[in-house]
Amino acid sequence: MSLTQVCARERGWSEVRDTWQAVVGSAAVGLAVAVAAVAVTGPWDSGQRTAERARAASPDHRSGAEHTGAGVPGGPAPAPSAAEVLTALGAAPPGGDAAPNPGEAPAPAPAALADVLQPLLEEGALGTLRTASVVDVATGRELYGAGEGRDVVPASTVKVATAVAALSALGPDHRIPTRVVWDAKGKRVFLVGGGDPTVTPAALRRLADATARELGERGAGRIALAHDTSLYSGPARHPIGPNENIAPVTALMVDEGRLDGSTRGPAPRSDDPARDAAEAFADRLRDRGVDVERSERPRRAPGGAEELAVHRSAPLAELVERMMLHSDNDIAEALVRQTAVARGEPASFAGAGRAVRAQLAEYGPALPLEGARFADGSGLDRSGRVSAGLLTRLLALSADPARPELRSVLTGLPVARFNGTLGGRYDDEATRTGAGLVRAKTGTLTGVNTLAGTVVDADGRFLAFAFMASGTTDRQGAHTALDRLAAALANCGCR
């Protein structure tokens, strides 16, 4: 017997809607329910997707930013897989009427939706400039808008654009290489950065192991070592200057240049991550008996140098999920430069901005790009401009069943009150009803607060939303106001 039939038998069909909305929200399969025929892709039981194993709506437990697969203590059993949820949603309830199909459930009426959202958007905590957009993903129809075409400072919600551009330019399976090459003529080894900021000390050790073996086979017991960062051009320092939110942007680094062993969030950063990576690599080679003479300055490896060893990053889809979940600025800047390389632009701040815009422009009028400016990939630069309407269109595009390569844009979105940058939110009376149902990318700068994501509403309609506020003076108050908007959307039939 299906989940829907069991629920209907025990509680009556009037309660089934609430049950399957919670299941869909907590299992985070909104990306697959926009259209009933969506083919679910990727492993739904690993990596970021372990976040979907438990409902986050329980008011009795705090959320965690790390998901280990154990779920929320004392919470419900793991949610059904996406395919099982889709089957359940299509089952017939008592009386023979079909259960609401997620692609056919009634969409909110624009006027009724405005009645709910407009008063919340006018809250004083949202500052002096508020814009908003809500789009029905199945049809692409805009259901609510308030200044939705106005380009404003997006803060970290620009990472939605960063992710779509990178995935569409390179594909979800692309891996960023960090290579070691050998110039036999000069008896010189080059550690060549490919732009992966997530290289770990363990990965560097493995790279050194493989390099030492290859050098041993060549009888090269004494070598000169240089590092090559030539893939990137332009200034390495982000326009915000030295900052614990981002390392100097270079093609070679270990652990994002972090100096405290952390894996996310603000941290002390190296002034020269590439130099530090090369020094660590040299030390690992020495540990393996290689006599190394280090060059402090970066040098370009000669053409035709022989590859000795290579480390490849996690697939791009996983990097996107990590970026979205923790709002990782270093990954964001790496992804826009990968996009620039793919499009033949210089891998600099300016070149990456042009590349992102050009890549998104390939989707044509589906994406309103007029006035948009991609100053960086992370959203730390206040000169960037994006509209709420563009963000909702990007999210809807990522749910298109014809574009499975973009799916990690949605699977990476933090879950309200459960993980990532939403792990500590949606825990008060005004917002708790959105816990486990809202998935969204946050954005926060001084005076700027934004939220863009997806939700399955009370009638089962899959919606994309973006709420953007500037001129705010109370960060916590702005967060709560934005969360109230998203929670209201999640719990609105609005007809």
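This passage looks at the overall build of the chain, its disulfide and the surroundings of one arginine, R269.

The model is a predicted one. Its protein chain folds up with 14 helices and 12 strands. Of the 495 residues in the chain, 56% count as buried. Contacts across the sequence were also tallied: taking those with a separation of 6 or more, 70% are between residues 24 or more positions apart. As for the outside, the accessible surface of the protein chain adds up to about 18900 Å², and carbon and sulfur atoms hold 48% of that.

Next come the cysteines. Searching the whole structure turns up 1 disulfide, and the partners are C492 and C494, with an S to S distance of 1.0 Å. The link between C492 and C494 is right-handed, with 100° about the S-S bond. Both C492 and C494 are buried.

That leaves R269, which sits in the loop between β6 (222-228) and α8 (273-287). Is this arginine buried or exposed? R269 counts as buried because its relative accessible area is 11%, and the cut-off for buried is under 20%. Its side chain goes to two backbone oxygens: the one of E256 at 3.0 Å, and the one of A267 at 3.3 Å. Setting aside neighbours within four places in sequence, R269 is also in contact with a run of residues from N243 through E244, N245 and I246 to A247. Another group touching R269 is made up of E256, G257, R258 and L259, and D330 is in contact with R269 as well. E256 therefore turns up twice around this buried arginine, as a contact of R269 and as the owner of a backbone oxygen reached by the R269 side chain.

Notes: Residues numbered from 1 in each chain as written. Predicted model: local features only at pLDDT ≥ 70, side-chain atom pairs only at ≥ 80, totals over all residues. Heavy atoms only, no water. Helix = DSSP H or I, 4+ residues; strand = E, 2+ residues; numbered from the N terminus. Buried < 20%, exposed > 50% of the residue type's maximum accessible area, 1.4 Å probe, protein only. Contact = heavy atoms within 4.5 Å. Areas by Shrake-Rupley, 256 points an atom, 1.4 Å probe, with all protein chains shown as cover. Disulfide = S-S within 2.5 Å. Polar contact = N/O pair within 3.5 Å; in protein donor to acceptor, adjacent residues only side chain to side chain.
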